[in-house]
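Okay, thanks for squeezing me in. Have a look at the chain on the screen while I get my notes sorted.

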Amino acid sequence: MREFLRRCPACGRRFTVRLQSKKLVDTEEHTERITHDIVILARGGRDSRVIPAGATFEDVPIEVEKFDVTFECKSCHHKWTESVTKVEKG
Ligand SMILES: [Zn+2]
């Protein structure tokens, strides 16, 4: 079990809370579009210049995982659940 230094919502103490459980509730597959600019370098002696030539797109897959995480305060034994979203880039 991992422990976190967090503030308890019941007693308000900044206390080490225990992670009781972590449950994967949902996984979503998404894509994130990245734009790459294309340029052409025109070499002409002193007149070298860069000509914009549009753009290409790349779709990068990402995975979004949603967890319900349950914590317990070691001071007052209050338990609560937080929703945590984790994004994995593939
Ligand atoms: Zn507490």
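I'll go from the overall layout to one hairpin and a few of its residues.

Two bits of housekeeping. This is a predicted model, so local features need pLDDT of at least 70 and side-chain atom pairs count only at pLDDT 80 or more, while totals for chains, interfaces and linings use all residues. Residues are numbered from 1 along each chain as its sequence is written.

So, what is the chain built from? There are 0 helices and 4 strands, and from the N terminus the order is β-β-β-β. Helices (H or I, at least four residues) and strands (E, at least two) are DSSP runs, numbered from the N terminus.

Now the overall shape. The radius of gyration is 25 Å, where a compact globule of 90 residues would come out near 12 Å. That radius is taken over C-alpha atoms, and the globule rule is 2.2 Å times the number of residues to the power 0.38. Along the principal axes, the C-alpha atoms fill a box of roughly 75 × 30 × 20 Å.

How much of the chain is buried? Just 3% of the 90 residues. Buried here is 20 or more other C-beta atoms within 10 Å of the residue's own, exposed is 12 or fewer, and partly exposed is in between, with C-beta atoms placed from the backbone. Still, take the contacts with a separation of 6 or more: 55% of them join residues 24 or more positions apart. A contact is two C-beta atoms, placed from the backbone, within 7 Å.

On to the hairpin, which is made by S3 and S4 with 5 residues between them. S3 covers 49-73 and S4 covers 79-89. The two run antiparallel over 11 bridges; for strands to pair, DSSP has to find at least two bridges between them. One spot to look at is Thr70, which stands opposite Thr81 in S4. Of the 25 residues in S3, 1 is buried, so that strand lies largely in the open. S4 is hardly covered, with 0 buried among its 11 residues.

What's odd about the loop? His77 sits in it, between S3 and S4, and has a phi near 65 degrees, a positive value in a residue other than glycine. Most residues other than glycine have a negative phi. His77 counts as exposed because it has 11 C-beta neighbours inside 10 Å.

Finally, two lysines in S4. Lys79 is in that strand, and it is partly exposed because it has 14 other C-beta atoms within 10 Å. Leaving out residues up to four places away in sequence, Lys79 touches Gln20, Thr70, Phe71 and Glu72. Pro9 is 70 residues from Lys79 along the chain, yet their C-alpha atoms are separated by 9.2 Å.

Then there's Lys89, also in S4. Why is Lys89 classed as exposed? Because 8 other C-beta atoms lie within 10 Å. With the same sequence neighbours left out, up to four places away, Lys89 touches Val60 and Ile62. Lys89 and Arg14 are 75 residues apart in sequence, and C-alpha to C-alpha they are 33 Å apart in space.
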